[in-house]
Amino acid sequence: MRCYRLLYLLLLIPLTALYGCNDEGKDDTYVIRLGHQLDINHPVHKGLVFLKEELERNSEGKMSIVIYPSSQVGDEREVLELIQIGSMGMTKVSASALETFVPEMKVFSLPYLFNDNAHYWKTLNGEVGKALLAAGEPYRFKGLGYFDAGSRSFYTTKKPVQSPDDLKGQKIRVMNSQTAVSMVNTMGGSATPVSWGELYTSLQQGVVDGAENNLPSFYFSKHYEVSQYLILDEHTSIPDVIIVGTHVWEQLSATQRTWLQDAMKAATKYQKEMWAESTEKSLEIVKEAGVQVIAADKEQFQQSVAPIYEGLRGSELEKLVQQIKALGEKM
């Protein structure tokens with residue numbers, strides 16, 4: 001079925017959206033097509049717009065990015081597949097969406113991996129983060145860098161969640177990530193993968209009883225309209241990864257690569273600032289809208305997921321976890 005869906009997308013998307021081409025007949029402009037799933041008001045989309053503008057500035061108009069937001073070219077997995085076959089140039093995806101292709105990315109979906117935000121960014125900006133970006137290259141994904149996607153928390157429609165016990169009997173939407181499924185099930189809930197585009201209706205109609213995500217996504221998706229309760233348990237901090245297909249990267253000259261990498265560095269700084277502002281504003285707005293915001297006893301949630309870490313013993317993923325934990329101990 002997925003093959004038919006991919007073929008359907010290829011037939012629907014204009015050729016100009018799939019293949020790099022010149023805008024307005026400018027022979028000296030190298031254009032990269034980027035598809036993602038988020039709304040144009042989302043801070044991640046705004047970070048991508050900044051990336052585009054910086055690239056155009058760095059290159060003096062010789063390189064550009066055309067952005068297709070709001071799932072115009074498919075969901076995260078579908079866009080990744082389009083990149084693999086050379087029909088899309090770039091994307092923004094959650095690290096969780098990369099698990100199926102790049103097993104090492106599972107580490108970001110592990111609950112309570114980071115001590116705090118400083119530990120999180122020390123990991124992403126250090127050797128571990130760089131190695132994880134490079135791990136996608138055998139699968140035709142060149143990782144350019146990370147965008148902040150904050151911490152993810154639970155929100156529910158009918159019953160508040162104040163402890164892991166409150167998740168029992170509740171169907172909680174998760175991303176299409178086996179690690180996320182395992183986390184929710186281990187906590188006592190019933191993990192239910194649902195596509196992002198279908199989630200509002202699923203919450204509204206009771207297909208699922210809740211979901212988990214970061215605060216800006218909770219707000220911009222309008223899920224707060226159909227979810228009465230938000231618990232700030234902050235179980236995972238999963239970055240967004242900015243990817244360029246290796247088929248594009250290999251075409252670029254050393255100068256073009258530098259333009260793109262410099263634009264990425266500037267966009268990361270800008271997006272982090274935007275994210276912090278958006279998170280604070282989103283929390284204020286959902287409170288004003290009547291959502292009951294609950295402060296979590298995080299220790300209870302941490303204890304509930306201990307079996308996940310026990311199950312990693314002797315694995316390559318455990319070694320990666322130990323590397324990340326060691327970075328936190330040195331701070």
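This report walks through two sheets, some helix packing, the nonpolar cores and a few single residues in a predicted model.

## The five-stranded sheet

Let's start with the open sheet of five strands. Reading across, the order is β2-β1-β3-β10-β4, and the pairing is mixed. At the edges sit β2 (63-68) and β4 (141-147), each of which pairs on one side only. On average, neighbouring strands here are turned by 25° against each other, direction ignored.

Inside this sheet, β1 (residues 30-35) pairs with β3 (residues 90-94) in the parallel sense, over two bridges. If you want a spot to click on, try G35, which stands opposite T91 in β3. There's also a helix to look at: α6 (residues 127-134) lies across β4 and β10 (240-245), and runs at about 140° to β4.

## How α5 meets α6

In general, two packed helices are described by the angle between their axes and the distance between the axes. For α5 (residues 117-125) and α6, the angle is about 55° and the axes are 4 Å apart. That angle makes α5 oblique to α6, because angles between 35 and 65 degrees are neither roughly parallel nor roughly perpendicular.

Which residues do the meeting? From α5 come T123, L124 and N125, and in α6 they meet V128, G129 and K130. Sorted by class, that contact has two nonpolar, three polar and one charged residues.

## L327, from further along the chain

L327 belongs to helix α14 (residues 316-329). Is L327 buried or exposed? It counts as buried, because its relative accessible area is 19% and the cut-off for buried is under 20%.

Leaving out residues up to four places away in sequence, L327 touches H119, K122, T123 and V128. Two of those names may ring a bell: T123 in α5 and V128 in α6 also take part in the contact between these helices. For a sense of scale, L327 and Y200 are 127 residues apart in sequence, and their C-alpha atoms are 38 Å apart in space.

## The nonpolar cores

As a rule, nonpolar side chains in soluble globular proteins tend to be buried together. In this model the largest nonpolar core has 58 residues, and V107 and F108 are the ones with the most contacts inside it.

What does F108 touch, once its neighbours within four places in sequence are set aside? The list runs to A95, F114, L124, L132, Y146, T236, S237, I238 and P239. A second core, separate from the largest one, has 24 residues, with V244, V248, W259 and A263 among them.

## The six-stranded sheet

The other open sheet has six strands in the order β7-β6-β8-β5-β9-β11, again with mixed pairing. Its edges are β7 (190-193) and β11 (292-295); each has a single partner strand, so one side of each is left without a neighbour in the sheet. Here the average turn between neighbouring strands is 35°, direction ignored. Helix α7 (residues 178-187) lies across β5, β6, β7 and β9 (229-236), running at about 155° to β7.

β8 (residues 210-213) is a good strand to zoom in on. G210 and E212 point one way from it, A211 and N213 point the other way, and all are buried. β5 (residues 152-156) runs antiparallel to β8 and is joined to it by four bridges, with S153 having N213 as its bridge partner. β6 (residues 171-174) runs parallel to β8 and has two bridges to it. R173 is handy for seeing how β6 sits: it stands opposite A211 in β8 and opposite T192 in β7. The pairing of β6 with β7 is parallel too, over four bridges.

## Two serines with positive phi

Finally, have a look at the loop between β2 and α4 (76-84), where you'll find S70. S70 has a positive phi of about 55°, although it is not a glycine. S71 lies in the loop between β2 and α4 as well, and its phi is also positive, near 60°.

How accessible are they? S70 is partly exposed, with a relative accessible area of 41%. S71 counts as partly exposed at 33% relative accessibility.

Note on methods: Residues are numbered from 1 along each chain as its sequence is written. This is a predicted model: local features need pLDDT of at least 70, side-chain atom pairs count only at pLDDT 80 or more; totals for chains, interfaces and linings use all residues. Side-chain values use heavy atoms; hydrogens and water are left out. Two strands pair if DSSP finds at least two bridges between them. Axes are lines fitted to C-alpha atoms, for helices over the stretch in contact, and angles run from 0 to 180 degrees between N-to-C directions. Contact means heavy atoms within 4.5 Å. Angles under 35 degrees count as roughly parallel, over 145 as roughly antiparallel, 65 to 115 as roughly perpendicular and the rest as oblique. Ala, Val, Leu, Ile, Met, Phe, Trp, Tyr, Cys and Pro count as nonpolar, Asp, Glu, Lys and Arg as charged, and the others, Gly among them, as polar. A nonpolar core is a set of buried Ala, Val, Leu, Ile, Met, Phe, Trp, Tyr and Cys residues joined through side-chain atoms within 4.5 Å. Buried means under 20% relative accessible area, exposed over 50%, partly exposed in between (1.4 Å probe, protein chains only).
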